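Colleague: I am new to this one and would love a close look at a single part. Could you walk me through one chain?

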Amino acid sequence: MKHSTRIAVGPVQFRIGSDWAGPIAALGHLYAGYPQDDTRSADATVRLFAARPWRRWLRPSVHIGGDFVVPDALPLPLSMGLLAAEMAMNLQVALGWRRHMLLHASAVARDGRALLMSGESGSGKSTLAALLGERDWRLMGDEFTLIDPASGDALAFPRAISLKNEAIAEVAARVDPARLGPLLAATPKGDIRHLIPRADAIACMHKPARPALLLFPRFGGDVAVERMGEGEAFVRLTEASTNYVALGEAGFAALTRLVRETPSFGISYPDSATGIALVEQLWAEAVK
Amino acid sequence: MSAVQTLIDLLAERRDPASLGPGDWDGVIGIARAEAMLATLACHLEATDLPPHVAALFADQRAAAKVATAQAIWEAEMARRSLDPAGVEFVLLKGTAYAAAELSCAAGRQIGDLDILVPWHDIGRAENLALLDGWEWVKQDAYDDAYYRDHMHELPPLIHASRDRMIDVHHTILPRTHRVTPDALALVGDAIKTPGGFRVLNPADMVCHCAAHLIADGDLQGGLRNLWDFHCLTRDFSAADPGFWTVLGRRAAMHGLGAAVHRAARLARDIYGARLPADWDRHDPTDIWFRRRLLARDDWGRATHFALQQAFYIRSHWLRMPPVMLARHLWTKWRKR
């Protein structure tokens with residue numbers, strides 16, 4: 001393709017091609033500090049392309065594709081090319097990755113042990129992970145966490161964090177502006193701004209961490225903490241996994257082990273400060 | 001050299017994987033994925049020395065293919081438990097059949113739907129049994145439903161409500177309106193049993209079906225994989241039985257598939273280096289269009305040669321139904337858009 005780049009996030013090496021220079025340059029800014037190995041073959045191919053040749057210039061709209069294509073995925077205007085790239089990368093990992101069990105969950109680690117947070121969009125899992133990652137936690141990822149079926153360890157997928165709506169101002173106030181991407185206003189997912197993870201989080205992205213705590217956060221409402229049984233955590237995580245079925249017995253074994261060995265809680269919190277305090281408190285009990 | 005050429009050279013063992021540079025693997029992997037052959041390639045190169053990241057990806061693919069194959073066989077077992085007690089005898093087709101019969105092309109082969117063949121007189125019972133046992137119609141409109149029932153070689157696709165897997169119940173191997181009408185009764189009647197107790201087509205019929213699927217039906221999308229099936233099947237069957245090619249020739253003629261099987265054999269020779277007996281080792285100038293269509297992928301895994309794709313798409317419909325019917329069908333489809 002006309003423009004291309006290579007990005008390694010956690011264990012996944014991407015090859016990204018684009019009909020336009022813009023999205024590649026934007027990725028170049030976000031991923032400049034990630035390790036580069038040009039001799040390494042790509043695990044996943046991402047394509048950002050114009051459905052018709054003239055749509056490169058005339059009302060340019062970005063279709064997402066690659067190894068896996070979702071037939072009815074809507075294209076995005078070129079001004080949201082970075083979001084298209086992010087969605088396309090997620091799509092390839094979600095549908096193609098088989099080495100680990102993929103959980104739709106954010107994760108942070110401390111002292112070699114991991115806190116996993118699973119929830120739907122809007123649950124606050126990304127914001128909590130981003131904020132914890134600015135404190136004395138190592139950010140492992142805001143979107144996907146990989147579980148190694150052999151060891152049971154969590155592996156990081158620290159892509160650029162996708163901050164949404166109110167979370168943008170909250171996080172932007174605390175970080176060096178050079179670590180922020182451009183503001184993508186009024187996308188189908190709301191306002192979006194990317195945050196580059198801290199250099200130390202990127203430097204140790206290959207280091208596994210043993211899961212110690214599993215949280216299912218819910219943003220809004222009064223403070224509540226509810227211990228969750230293994231069965232419920234299991235079922236919720238099967239729904240949060242994109243490759244649980246494809247992994248067969250290995251996926252079942254990995255997930256059973258995870259919910260048996262890791263205490264799980266559902267938590268509600270009205271604001272981030274309370275959420276962080278709750279997390280710290282539950283963590284202190286979990287690793288005691 | 002183009003990546004698609006490298007891919008077929010690796011499969012045909014014309015090229016040593018050690019000779020690939022670091023930049024060569026991206027295209028090979030991308031195209032193999034697009035052709036649903038990545039796990040096939042991974043199995044084919046299992047014993048060779050590969051760069052570490054390629055080796056790791058290929059190991060993932062082999063493990064995933066093993067799970068997928070077990071799931072496909074389980075789906076066949078589900079069909080058996082549904083149909084067998086009622087005495088509806090069915091024959092496994094395509095990927096599931098290759099896996100059940102433990103044929104070499106099953107190594108890493110992607111299996112989509114469960115394809116089974118039942119005798120025409122049992123098709124209604126097979127459908128009722130499937131509906132009783134949790135399969136349901138994939139939602140579609142009345143025209144599509146009637147189209148399948150009146151003109152196709154299979155029932156409208158059914159999907160299992162809890163396992164989310166599709167089953168295609170065939171009563172023959174080409175559409176009823178196709179210019180060629182294979183002998184469906186002979187296909188079922190001469191089927192053989194696998195050690196696991198499933199019925200599959202006998203070797204010559206299996207190859208005929210593979211060629212029919214590749215050459216006579218459809219627009220050659222995914223053709224590299226079907227041709228790989230054909231290549232592995234004919235290579236293994238002729239190694240086990242020196243008279244295989246003769247039997248195949250007779251059987252193909254009986255089904256009206258002589259031209260399709262001969263063309264598939266020539267393409268397997270040209271693309272995967274198959275060795276053919278003298279009376280099969282022919283040349284046909286029109287093969288070049290098939291070769292170009294099969295190899296129409298660029299290094300990013302994108303389909304190329306748009307006009308050629310369209311031509312093969314039109315050809316597939318031309319073979320499938322007589323012109324007046326085709327016109328009416330396209331008119332209806334167009335109005336529904």
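In chain B, what percentage of the contacts with a separation of 6 or more comes from residues 24 or more positions apart?

Modeller: Happy to help! This is a predicted model, in which local features need pLDDT of at least 70, side-chain atom pairs count only at pLDDT 80 or more, and totals for chains, interfaces and linings use all residues. Residues are numbered from 1 along each chain as its sequence is written, while chains are lettered from A and ligands numbered from 1 in the order in which they are written.

The figure you ask about is 64%, where a contact means two residues whose C-beta atoms, placed from the backbone, lie within 7 Å. Chain B holds 15 helices and seven strands (DSSP runs numbered from the N terminus: H or I of at least four residues for helices, E of at least two for strands). Its radius of gyration, taken over C-alpha atoms, is 20 Å, close to the 20 Å of the globule rule for 337 residues, so chain B is as compact as a globular protein of that length (the rule is 2.2 Å times the number of residues to the power 0.38). The C-alpha trace of chain B spans about 55 × 45 × 40 Å along its principal axes.

Chain B also meets a partner: 18 of its residues are in contact with 17 residues of chain A. On that side of chain B, α2 (24–34) and α4 (52–83) each supply at least two residues, and α4(B) gives the most, with nine.
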